[in-house]
Amino acid sequence: MFLASLPKRNGGHERKEDRMTQSRESLVPRSYFSLETEPRAQRFEIWRDSISCIFTVEAEAELRRDSFDASIDAYMLGSLFLARTSSLQQHWHRSEREIARDGMDHYMLQVFEDGVMNKTSGEGAVQGATLVVMDLSRQVQSHTTTFTNLSLAIPRAQLEPLLVAPDDQHLRILSGTAPAVQIFISHIQSLASVASGLQMSLAVNMEPHTLGLVAACLNAGAGHDLERASERDPRGAKMVARAVIEEQLSNPHLTPENVARLAGVSRSKLYALFADQGGVAAYIRDQRVRRVSTMLSRSDMRGLPISELARQAGFDNVTGFNRAFKARYGMSPRDMRALRAAGGLSQAATLDPAAQYGAWLHGL
């Protein structure tokens, strides 16, 4: 279902014409995964193992035993990731444990070319010319029928500054009848159709335009959540406040009063803007915890004590940091560091994509 369904193993799953070794400097990297040549009785376990670094999946016993099938055709377009995935019906779950383990902080946009995705956490279904948006730093539960979809993954740092309501995007469903959504769907379908012959230099040059289309689509997309966000923040005051918090996050003395003053808004206005995040102080605390989570994946910080990482993120109390971290991720920062080290996910961008597909997405 999700483009994050990328295998950690390549075995015999690459096409012989994979250009990773043939034209590394000219064409965009491509990887192809298929269960077609695998023994039928083992196919689902291979599939489940291949994506367990990000998602937990389950399928009916009959499918697991007899006829499970899946394939992924994936491309790295600069810092963006595009994939066409096909598979049979199954259940998907991304829990706090997966979030803690992989540290991914991406937006994912999906268009279902065939089949249906039903959300089990909230109303709504995704089918056909419809766009679904996911925030991979948050939990997901869903069910898919037999499907084919196109997925585009974008690092948060690339897209967030362009969005009017970056915190209101998770599990949004945008109708394909909206002009901006139609344009975006046409764009990624066109990218997928030419990706096999796309030069990396052109992909990199097109990246800002793709990001602009995504932002225009999400900012203009018909959706009550976005409309409510715009009503709360008609002049972009929340974007300014978020930028202030990001810039001042390492300051342990940052307070809501400081943020209000630096952002040029009243305290009451600031509190209203962050009401959906539990308040300004809660938002600051969560951003600090997430920053430490990112630090735990960095190879250049492996030797630093966790208390030092917490200090760099703005925590002045180790006990309070540990409590907040465990409340967010369900494990201690020490356990997260060990889990990521065991999974080999740190600094995955240094790995050869042809050798470890899962590293592509983690390495964005």
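**Exercise 1. One side of helix α8**

Which residues in α8 are buried? Work this out on the predicted model, and then decide how these residues are placed around the helix axis.

*Solution.* Begin with the extent of the helix: α8 runs over residues 237-248, has 12 residues, and reaches 17 Å from its first C-alpha to its last, which is close to the 16 Å expected at 1.5 Å a residue. The buried residues in α8 are Ala237, Lys238, Ala241, Arg242, Val244 and Ile245. They cover an arc of only 160° around the axis, which puts them on the same side of α8. The general background is that an α-helix has 3.6 residues a turn, so residues three or four places apart point the same way.

**Exercise 2. Buried and exposed sides of helix α5**

Repeat the analysis for helix α5, which covers residues 179-194, and say which residues lie exposed on the other side of α5.

*Solution.* Helix α5 has 16 residues and spans 23 Å from its first C-alpha to its last, close to the 22 Å expected at 1.5 Å a residue. Its buried residues are Val181, Phe184, Ile185, His187, Ile188, Leu191 and Ala192. Because they cover an arc of only 155° around the axis, they sit on the same side of α5. On the other side of α5, the exposed residues are Pro179 and Ser193. For Ser193 the assignment can be checked by its value, since a relative accessibility of 55% makes it count as exposed. A polar atom of the Ser193 side chain also lies 2.7 Å from the backbone oxygen of Ser190.

**Exercise 3. The surroundings of Arg328**

Determine whether Arg328 is buried or exposed, and list the polar partners of its side chain, beginning with the one at 3.0 Å.

*Solution.* Arg328 lies in helix α13, which comprises residues 318-329. With a relative accessible area of 15%, Arg328 is buried, given that the cut-off for burial is under 20%. Its side chain makes a polar contact with the side chain of Asp286 at 3.0 Å, and it reaches the backbone oxygen of Ser137 at 3.2 Å. When neighbours within four places in sequence are left aside, the residues in contact with Arg328 are Glu96, Ser137, Asp286, Val289 and Arg290.

**Exercise 4. Ser137 from the other end**

Take the partner Ser137, locate it with respect to β9 and β10, and describe its side-chain polar contacts with Asp135 and Arg156.

*Solution.* Ser137 is in the loop between β9 (130-135) and β10 (140-144), and a relative accessibility of 5% makes it count as buried. The side chain of Ser137 makes a polar contact of 2.7 Å with the side chain of Asp135, and another of 3.1 Å with the side chain of Arg156. The C-alpha atoms of Ser137 and Arg156 are separated by 9.6 Å, with the two residues 19 apart along the chain. Apart from neighbours within four places in sequence, Ser137 is in contact with Ile99, Met104, Asp105, Arg156, Arg290 and Arg328.

**Exercise 5. An aromatic pair**

Classify the ring pair formed by Phe44 and Phe68, and state which parts of the chain the pair ties together.

*Solution.* A pair of aromatic rings is described by the distance of the centres and the angle of the planes. The count of aromatic pairs comes to 10. In the pair considered here, the centres of the Phe44 and Phe68 rings are 5.0 Å apart and their planes stand at 80°, so the pair is edge-to-face. Phe44 belongs to helix α1 (residues 43-51) and Phe68 to the loop between α2 (61-67) and β3 (70-77), so the pair ties together parts that are 24 residues apart in sequence. Phe44 counts as buried at 1% relative accessibility, and Phe68 counts as buried at 0%. Ring pairs further link Phe33, Phe44, Trp47 and Phe68 into a cluster.

**Exercise 6. The backbone at Leu171**

Find what sign the phi of Leu171 has, and place Leu171 with respect to α4 and β12.

*Solution.* Most residues other than glycine have a negative phi. Leu171, although it is not a glycine, has a positive phi of about 60°. Leu171 is in the loop between α4 (156-159) and β12 (172-175), and with a relative accessible area of 13% it is buried.

Key
Residues are numbered from 1 along each chain as its sequence is written. This is a predicted model: local features need pLDDT of at least 70, side-chain atom pairs count only at pLDDT 80 or more; totals for chains, interfaces and linings use all residues. Side-chain values use heavy atoms; hydrogens and water are left out. Helices (H or I, at least four residues) and strands (E, at least two) are DSSP runs, numbered from the N terminus. Buried means under 20% relative accessible area, exposed over 50%, partly exposed in between (1.4 Å probe, protein chains only). A polar contact is a pair of N or O atoms within 3.5 Å; within protein, one must be able to donate a hydrogen and the other to accept it, and residues adjacent in sequence count only if both atoms are side-chain atoms. Contact means heavy atoms within 4.5 Å. The expected span of a helix is 1.5 Å times one less than its number of residues. The arc is that of the directions from the helix axis to the C-beta atoms. Rings of Phe, Tyr and Trp (its six-membered ring) pair if their centres lie within 6.5 Å; planes under 30 degrees apart count as stacked, over 60 as edge-to-face and the rest as tilted.
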